[in-house]
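These are my notebook entries on one protein model. I record what I looked up, topic by topic.

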Amino acid sequence: MVSQEIIDKAAQLILKKRRVVALTGAGISADSGISTYRDRGGLWDRYPEGSSGGIMAVLANHPEDSREILTGVFDSIKAARPNQGHRALVDLEKMGYLRSVITQNVDNLHREAGNSCVMEMHGNIYRLRCLKCGRKEILERQQYFEMVAESFKKMDRVSLEDLLPGLPPCSCGGKTRLDFVAFGEPVQELAEAQAETMACDLMLILGTSGVVYPAAALPAQAKSHGAILIEINPEKSALTGQCDLFIDGKTDDILPRIVSSLKGIGG
Ligand code: APR
């Protein structure tokens, strides 16, 4: 159990700052039932080729498992709702501390929780991107999962490329694809994420192993102009050594406790 002293120390650091940015990874959604990647039992722990080639490499190497893998991914995202950690970040925004969330997650949970400035560097699995004109459209949950279920019915071997025929065309007539960033593709909103990183005076690093770039370079950029780094993770990550405070815990437990401590000291 993380001591109240550590919680209060984090709250005191945040109290002194007013330009807080959160950098989040799969760990913040773990408590919403979405598997992380590199933890024991995580997707890349089960399919190691994913760590360098992403889901497309896993599907290519395990075509016979593709339906089970994709069904597992989509079912967990369909069942997921924002948890206490996501909601605590909304509280920090409403209290005037948190400027923005930079996330590596594609599960839309920060937007659903209600943060108003969310940069999704690895895309958003609910969003479609037109391959012809580039137009993007976020589908609402019900429509999205009905579309995915229809696509799954249509094919004997499910793969993300196969999902393409089932995706609604763009209004321009172009084909669409899921707007997540596959390995080897450029990340999204990098300039915006870097601008927020340079503008912050404190970065919360929440639930990431810190091994995937360019997201993993942002904490060092924040530190380079004097920002404080606070990490919350039940295990040390590749970023822990750069941090001013490491809190060995789960985000859905620690973040609400920090918010309570801030409210207690009149923050
Ligand atoms: N609270 C906080 N952190 C947690 C929790 C939790 N409840 N559960 C797990 N973690 C931590 C793990 O200890 C680990 O450090 O979350 C981290 C998850 O690391 P990864 O699985 O590597 O996920 P992430 O860092 O988001 O991966 C980055 O890699 O494959 C790509 O595109 C994928 O966006 C992903 C990127």
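**Terms and source.** I take helices (H or I, at least four residues) and strands (E, at least two) as DSSP runs, numbered from the N terminus. The model is predicted, with local features needing pLDDT of at least 70 and side-chain atom pairs counting only at pLDDT 80 or more, while totals for chains, interfaces and linings use all residues. Residues are numbered from 1 along each chain as its sequence is written, and side-chain values use heavy atoms, with hydrogens and water left out.

**Backbone.** I looked up two backbone features. Most residues other than glycine have a negative phi, and most peptide bonds are trans. Tyr213 and Pro214 are joined by a cis peptide bond, with omega about 5°. I located Pro214 in the loop between strand 7 (202-206) and helix 11 (218-224). Asn108 is not a glycine, yet its phi is positive, about 70°. I found Asn108 in the loop between strand 2 (98-103) and helix 7 (109-113).

**Domains.** An automatic or database domain assignment supplies the bounds. Domain 1 comprises 4-34 + 82-122 + 187-264, and domain 2 comprises 43-78. Their C-alpha centres lie 27 Å apart.

**Ligand.** I counted a residue as near the ligand if one of its heavy atoms lies within 4 Å of it. There are 22 residues around the ligand, and Tyr37, Arg38, Trp44, Thr208 and Ser209 come nearest. I sorted residues by class: Ala, Val, Leu, Ile, Met, Phe, Trp, Tyr, Cys and Pro are nonpolar, Asp, Glu, Lys and Arg are charged, and the others, Gly among them, are polar. The shell has 7 nonpolar, 10 polar and 5 charged residues.

Next I looked for polar contacts to the ligand (pairs of N or O atoms within 3.5 Å). A ligand oxygen atom is 2.7 Å from an N or O atom in the side chain of Thr208. A ligand nitrogen atom is 3.1 Å from a polar backbone atom of Thr251. Taken alone, the ligand exposes 730 Å² (Shrake-Rupley method, 1.4 Å probe), and the protein buries 94% of that.

**Second largest pocket.** A pocket is an open set of points on a 1 Å grid over the protein atoms alone, where a 1.4 Å probe fits, with protein on both sides within 12 Å along at least five of seven lines; lining residues have an atom within 4 Å of a point. Which helix gives the largest share of the lining? Helix 8 does, with 7 residues. Helix 5 (66-79) and helix 8 (141-154) each supply at least two lining residues.

Key: A polar contact is a pair of N or O atoms within 3.5 Å; within protein, one must be able to donate a hydrogen and the other to accept it, and residues adjacent in sequence count only if both atoms are side-chain atoms.
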